[in-house]
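Hi,

Here is the structure I promised you. Please open it first, then read my notes below.

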Amino acid sequence: MDLSLQAIAVIAAAVPFIAAGVLLGVFSGALPGFGGSNTLIILLPLTLYMEVNAALLLVVGLFVGVRFGGAIPAILINVPGTASGAATAVEGYPLYKQGHANFALGVALLASVLGTLFSGFIALAAAPIIADIALKFAASEIFALTIFSIAMVGQIAGDDLVKGWFAGAAGLLIGSVGVDPMWGIERGTLGFVELYDGIPVIPALVGLYAISEVMMIAEKASTVSAEAPRYRNLSGGERSAEILRGCAYVIRRPIDIIRSMSIGSFIGALPGAGANIASFLSYQQAVTFSRNHEDRGQFTKGNPRGIIASEAADNACASGALVPMMTLGIPGSASTAVMLVLMTLHGLSVGPSLFTENATTAYAILGALPVAACLLLVIGFASIFVTSRLVLVPINVLAPAIAVFGLAGAFAARYLLFDVFLALIFGLIGYVMRKEGFPPQAMLIGLILASSVESSFFIGLREGFGSPLIFVQRPISLGIWMMLIASTLYIAYWKRRQAAQQKAERTE
Amino acid sequence: MDLAKRIGLFGGGAICFALYYVTDVWGGRFETVSYGILCVVLVLVLATVLVFGDRQNAFGSGWLGRPLVFVRPVIFLSVLCLYAVLQDLIGYALATALALAGLLYLMKVRSPRILIALSGSLAVTSYLLFVELMGVPLPGGPFAF
């Protein structure tokens, strides 16, 4: 009870920061091509100088706001602000062309709010249980879990399973650069003293995401700007009524909402299975569960049920991904990786011990999700009226700004110019990876988890008196290895089936 | 050349680093060497599967045969490298303004007014944010700002 009151007090004191995070998230999500990860990466060094709870709850607000923000350009100009907004664009843009843009935005808004609320409550209920179980994990379980996470990210994040694993293995390898934890002997540092503590995560993050993304944008630099969205000649009151009509539509579809939120929450808990998978899977299920032939025929022509499915799952997934990150220390995506880095830099031990050593902060983060959802309802509603101009900012103007702010952030981590050059090197690596079909997320997760993998490997060996069989003897670790094998076989079979279907469609 | 295209830049880079890593740690203590060697073995096994397995899963996607496609991104990166070097010479604010002007020009922003306005305002904003608000000691250069 005491703990709940402390967490509530923390949340109450940080409401302005949560609101600021939601507002920033909506605006940055509305900028096509900017994305949540870039915003988080740019904000990361700024939050280092804030009080820890304020910083974390600002980021939670950002998490929540950016998902809805990505729906705005998806609906208005058919360019999703986030990857997961692509499914929203399929139904939202036709609705805009039919003159129902505000209605579509209202549907997206309430679906986003409900998705976040649902996953917030699930996270509050599930996280302490998972953390309690995880406290009983020994080194062999931690080793199995970290390998499982890296393998899953590699399998799911990329198009090719082996390429994903290769990227993860490369991440594990470069994650071992620095002094080894047992004997303090430097390895793989190329003679650079700055690498003795290992590859710093912030420059790697800035490089693999922000810099490589701006290089991709530079490759496709275009002067063509999007056509300005045109609304019907409606007054502010009429627009508000349309938005509320959209919200009312969502309330009349409880089954769609519950199904989508459940899919999103489940997918969010899987490492590597990002919000784009959740939103497309949920969209696919909405088509499958159409009530009649007429309803099914409306898909891709402006069926609001598609927006409900996509947005609810997207938001539920993004919030659900916080649970494995906080309870097990396993980040499943770039956004949760940034959150993990932020928590670590603020001195919080991420993992099951978070719920014992910093319980107030842990519950405040999870409790902030429903609060952010409620704030999104108000802020999102108001922002609909202003963000229609924001979607027109050309990405080729944003790209240099992303690069400059990202590099300043890389410098701010350790005040070393070396880190700026490191970020640029990782930028080149990330760009080459994207061109050749390797997922940078897998490398990043491998880099972050490398120290856990190594330390749990050696501690496990010592617990087993030098025998590697210790890693398969304990039931939980054996279960995790079985899950890894089963998921690998299933995903390989599913991808092979998809490839065969696509080949058959092409020959037709 | 076919093998180089199949290995690709990332694969080739990873293999080279793996070989360097092995030579760097060889002869060390068990704990220093073993984890890294396991990772190297994993990298090499996966590389072999990719290169000699099904051709569709080969490393390089053949883009080495189309080098012109990455001219602009490489120039973009080179400007950023120059920007990092310039920071120490002429200070963060000036270097940022110049770099932004160059990058915006590269991104096909041609209007001089927009170039100057955007690069100046972003440089000032980032300086105020990082140096004044956050107190990050960004390189000052000879002009001490």
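Helices (H or I, at least four residues) and strands (E, at least two) are DSSP runs, numbered from the N terminus. With that in hand, F465(A) sits in the loop between α22 (440-463) and α23 (470-473) of chain A.

Two notes on the source. This is a predicted model, where local features need pLDDT of at least 70, side-chain atom pairs count only at pLDDT 80 or more, and totals for chains, interfaces and linings use all residues. Residues are numbered from 1 along each chain as its sequence is written, chains are lettered from A and ligands numbered from 1 in the order in which they are written, and side-chain values use heavy atoms, with hydrogens and water left out.

**Chain A as a whole**

Chain A has 24 helices and two strands. Its radius of gyration (taken over C-alpha atoms) is 22 Å. The globule rule (2.2 Å times the number of residues to the power 0.38) gives 23 Å for 508 residues, so chain A is as compact as a globular protein of that length. Along the principal axes, its C-alpha trace spans about 75 × 60 × 45 Å.

Buried means under 20% relative accessible area, exposed over 50%, and partly exposed in between (1.4 Å probe, protein chains only). Of the 508 residues in chain A, 61% are buried. A contact means heavy atoms within 4.5 Å. Take the contacts in chain A between residues at least 6 apart in sequence: 79% of them join residues at least 24 apart.

**Positive phi values**

Most residues other than glycine have a negative phi. F465(A) has a positive one, near 55 degrees. Is this residue buried or exposed? F465(A) is exposed, because its relative accessible area is 80%.

Y415(A) also has a positive phi, near 60 degrees. This residue lies in the loop between α20 and α21 (417-435) of chain A. Y415(A) counts as partly exposed, because its relative accessibility is 37%.

**Helix α4 of chain B**

Helix α4 (residues 92-106) of chain B has 15 residues. From first C-alpha to last it reaches 21 Å, close to the 21 Å expected (1.5 Å times one less than its number of residues). Its buried residues include Y92(B), T96(B), L100(B) and L103(B). Seen down the axis, the buried residues fall within an arc of 155 degrees (taken from the directions from the helix axis to the C-beta atoms), so they line one face of the helix. They pack against α20 (395-414) of chain A, together with α3 (71-90) and α5 (112-133) of chain B. After α4(B) comes K108(B), with a positive phi near 70 degrees.

**The cores**

A nonpolar core is a set of buried Ala, Val, Leu, Ile, Met, Phe, Trp, Tyr and Cys residues joined through side-chain atoms within 4.5 Å. The largest one holds 189 residues. Among those touching the most other members are F166(A), M339(A), F76(B) and L80(B). Helix α6 (residues 101-134) of chain A gives the most to this core, with 15 residues.

What does L80(B) touch, not counting residues up to four places away in sequence? The list is I211(A), A403(A), L407(A), L424(A) and L103(B). A second, separate core has six residues, including I267(A) and A313(A).

**One last residue**

S487(A) is in helix α24 (residues 475-507) of chain A. S487(A) counts as buried, because its relative accessibility is 15%.

Best wishes
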